[in-house]
Amino acid sequence: MNKDEILSGFILELRRGTIILCVLSKLKIPTYGYNLISLLSESGITVEANTLYPLLRRLESQGILESTWNTETAKPRKYYSTTETGNEIYIMLKKHWQETVQSMNTILEGNNDES
Amino acid sequence: MMNHDLIERYVYAVTRHLPSKMRSDVEAELKSLISDMLDDRCGDVMPNDKDIKVVLTELGTPLELAGKYSPDNDKALISAPYYIKYKYILKIVLLVTAFGLTLGGLIDIFTETEIAWYIVFTRWIGTLFTGLVMAFGFVTFIFALFERKGIRLDAMDGLEDLPTVPQKQERIPFWDPVAGILVSVIFAVIFLACPQIMGGYFGDSDRQWIAFFNTGAIRSMWYIIIAFAVLGIGREVYKLYEGRYTKRLAILTVITDSMTIVFTFLFFRNKELVNMRFISEMQNLFTGDAEFVSNIFANLSLFFIGVITLALAIDMITTIVKAFKYDI
């Protein structure tokens, strides 16, 4: 295994959990999958459609998201939004993330002299 | 004209293995996604075949995508906690199977006089292959069942339940059960394949090989021989698994040993079992002062039942004593 492969594996692991947080943060307003990809990409977060769509479905089956088909437009699309539980979880997850970021920054800044 | 056919084929390939209740929904959502991706890529221009191929390639192969959608995505037939034990047991079972079948094959080559050796050899290769596949399937099935039912292999309810580190004398050394398994296998192979090799030469001038058992009688009781082997191997495999003397092992030993005793009775109850010619030849050898030996041969079946029962009783008692001594 070369250095690049190891690095991309680590990055993948880091990203895995953050995507859920990103998704939850944007879904207070009902949004369809592809629009969510553009919204996130505007903020500099790239999510592949083949990751996001199955994820939305999984979160829905866990009761964190709910969905409705909008058939009024020319193209029928499935809109997802957070449920009440989903929102509560989002708030707690966000708090946890902020604390983690803070601790991580402290740890990483402490190591500045090594870099 | 948009290449709808390719999209249809792709979507079908993704959804066909998904659970039926989510299939149509995933299908509709995928189609709307592909359409959005094409719009994004081509704007108002009609997408051509190449655009569709690029978009579908971006989504990944149908099986990859289906895997991501599938609720079984993270599931495995045999996963982490079971896999280590699975690999260990599988290795031993395959080795023992190969050993038993090779032994059978060798005996076959030496005892088979009417068929050319290479035919016997090919037959052995065939049996070996079938046997190994069956052994593999059997062990895999058992462990897949453990995985599915979530059967715990270790008591891990709390740290207090962790077994103590076995002292030297309470450990069962690796070779002990392995030797036991090999003995069971050798026993089964010889009794099933060539019981006639147990016997002796008799007669002064024209020496003649007389088998100890009646081959026909033994063959008719093949299921008892299999039962002996299964009981013996089962116990030894558990011993190997446990690695130390425990109460569970003692209980299992009592069960398998008692069953073996019952089967021993059934086995030797068969009057046809022992070759009467062998006994009369033996009795001819021991006459006069050696009448005691001669008596043994007259009641040979009883003698065997006695010896085997005694050996099994000693085995049971030792295992129980060790269990109570070490497994507190």
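## Helix packing between chains A and B

User: In this predicted model, at what angle do helix H3 of chain A and helix H4 of chain B pack?

Analyst: The two helices are H3 (residues 49-61) of chain A and H4 (residues 62-69) of chain B. Their axes lie 8 Å apart, and the packing angle is about 30°.

User: OK, so are H3(A) and H4(B) roughly parallel or roughly perpendicular to each other?

Analyst: Their packing angle is about 30°. Angles under 35 degrees count as roughly parallel. H3(A) and H4(B) are therefore roughly parallel.

User: Is the crossing of H3(A) and H4(B) left-handed or right-handed?

Analyst: Here the direction of turn between the helices is what decides. H3(A) passes H4(B) in a crossing that is right-handed.

User: Which residues in H4(B) does H3(A) meet?

Analyst: H3(A) brings A:Asn50, A:Pro54 and A:Arg57 to this contact. By class, the residues of the contact are three nonpolar, one polar and two charged. On the H4(B) side, the ones met are B:Leu65, B:Lys68 and B:Tyr69.

User: Zooming out, which element gives the largest share of the side of chain B that touches chain A?

Analyst: Across the chains, 12 residues of chain B are in contact with 11 residues of chain A. On the chain B side, the elements giving two or more residues are helix H2 (20-42) and H4. The largest share is seven residues, and it comes from H2(B).

User: And what pattern does chain A follow along the sequence?

Analyst: Chain A has four helices and three strands. Of its 115 residues, 19% are buried. Read along the sequence, the pattern is α-β-α-α-β-β-α.

How values were computed
Residues are numbered from 1 along each chain as its sequence is written. Chains are lettered from A and ligands numbered from 1 in the order in which they are written. This is a predicted model: local features need pLDDT of at least 70, side-chain atom pairs count only at pLDDT 80 or more; totals for chains, interfaces and linings use all residues. Axes are lines fitted to C-alpha atoms, for helices over the stretch in contact, and angles run from 0 to 180 degrees between N-to-C directions. Angles under 35 degrees count as roughly parallel, over 145 as roughly antiparallel, 65 to 115 as roughly perpendicular and the rest as oblique. Two residues are in contact if their C-beta atoms, placed from the backbone, lie within 7 Å. Ala, Val, Leu, Ile, Met, Phe, Trp, Tyr, Cys and Pro count as nonpolar, Asp, Glu, Lys and Arg as charged, and the others, Gly among them, as polar. A residue is buried if 20 or more other C-beta atoms lie within 10 Å of its own, exposed if 12 or fewer, and partly exposed in between; C-beta atoms are placed from the backbone.
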